[in-house]
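I opened a fresh page today to look through a new model, helix by helix. Here is what I had on screen while writing.

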Amino acid sequence: MVLSAGGLWVLYATPLYGLTTTSPTAYTFVLVHLLLSGALLAWVLAGPDPAPHRPGTTPRLVALLVSAAAHAVLAKRLYARAGEWPPAAHGSVERGQEAAQLMYYGGDVAELLLAALVLRAWYVRAAPRAVPAAAAC
């Protein structure tokens, strides 16, 4: 969660975003970081395999909620301060607001899908098992 949401905050709250617009190396590094941290977060929260030491459903849903809140606050801040944020960005206010809206609503879709996967896994684990019928003689 810290790698994923924290990485977005570092990208958009510091001059790092401006650097990614001028340096292909910085852009590639940040892109790889965001993809890997997002994939790691999704795997920890809703991975299909029974990972050792994976937290229970409640801690995973709390982590998802905190991550979603951090993501939403950042998107709202980017929308409200379009033209100023991210530092060193050179774009129109309208374009910044459109990007912030995409971040906000796109994040909601991804977070709802992750929550559905976490709850589905909980339901499958908690569902009573059917007792096989006795074999006919």
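My entries below go through helices, contacts and aromatic rings.

**Entry 1: before anything else.** I reminded myself that this is a predicted model.

**Entry 2: helix α1.** I started with α1, which covers residues 2-13. Which of its residues are buried? I found S4, A5, G7, L8, L11 and Y12 in that class. I then checked how they are arranged around the axis: their arc is only 155°, so they sit on the same side of α1. Next I asked what this side packs against. The partners of the buried residues are α2 (16-22), α3 (24-46), α4 (57-80) and α5 (93-126).

**Entry 3: S4 up close.** I picked S4 as a sample from α1. Its relative accessible area is 14%, and S4 counts as buried because the cut-off is under 20%. Setting aside neighbours within four places in sequence, I listed its contacts as S37, G38 and L41.

**Entry 4: length of α4.** I ran a quick sanity check on α4. How far should its 24 residues span? At 1.5 Å a residue, I expected 34 Å, and the end C-alpha atoms of α4 are indeed 34 Å apart, so the two values agree.

**Entry 5: the buried residues of α4.** I wrote down T57, R60, L64, S67, A68, H71, A72, L74, A75 and L78 as buried. I was pleased to see an arginine, R60, and a histidine, H71, in that list beside leucines such as L64. Their cover includes α1, α3 and α5.

**Entry 6: T57.** I zoomed in on T57, which belongs to α4. Buried or exposed? With a relative accessible area of 12%, T57 is buried, since the limit is under 20%. Not counting residues up to four places away in sequence, I saw T57 touch V118, W122 and R125.

**Entry 7: α3 against α4.** I looked at how these two helices meet. They pack at an angle of about 150°, and their axes are 9 Å apart. I noted the crossing of α3 past α4 as left-handed. Which residues meet there? From α3 I have L41, V44, L45 and A46, and from α4 I have R60, A63, L64 and S67. L41 was already in my notes as a contact of S4, and R60, L64 and S67 were in my list of buried residues of α4.

**Entry 8: aromatic pairs.** How many aromatic pairs does the structure hold? I counted two. In one, Y12 and Y17 are tilted, with 5.6 Å centre to centre and 35° between the planes. Y17 counts as partly exposed because its relative accessibility is 28%, whereas Y12 is among the buried residues of α1. In the other pair, Y104 and Y105 are edge-to-face, at 5.0 Å centre to centre and 85° between the planes. I checked their exposure too: Y104 is partly exposed at 21% relative accessibility, while Y105 is exposed at 54%.

**Entry 9: a distance along α5.** I placed Y105 in helix α5. From there I took the distance to R125, which is 20 residues away in sequence. C-alpha to C-alpha, Y105 and R125 are 30 Å apart in space. R125 is also one of the residues that T57 touches.

Note on methods
Residues numbered from 1 in each chain as written. Predicted model: local features only at pLDDT ≥ 70, side-chain atom pairs only at ≥ 80, totals over all residues. Heavy atoms only, no water. Phe/Tyr/Trp six-rings, centres within 6.5 Å; stacked < 30°, edge-to-face > 60°. Buried < 20%, exposed > 50% of the residue type's maximum accessible area, 1.4 Å probe, protein only. Helix = DSSP H or I, 4+ residues; strand = E, 2+ residues; numbered from the N terminus. Arc of directions from axis to C-beta. Contact = heavy atoms within 4.5 Å. Expected span 1.5 Å × (residues − 1). Axes fitted to C-alpha atoms, helices over the stretch in contact; angles between N-to-C directions. Left-handed = near helix turned anticlockwise from the far one by under 90°.
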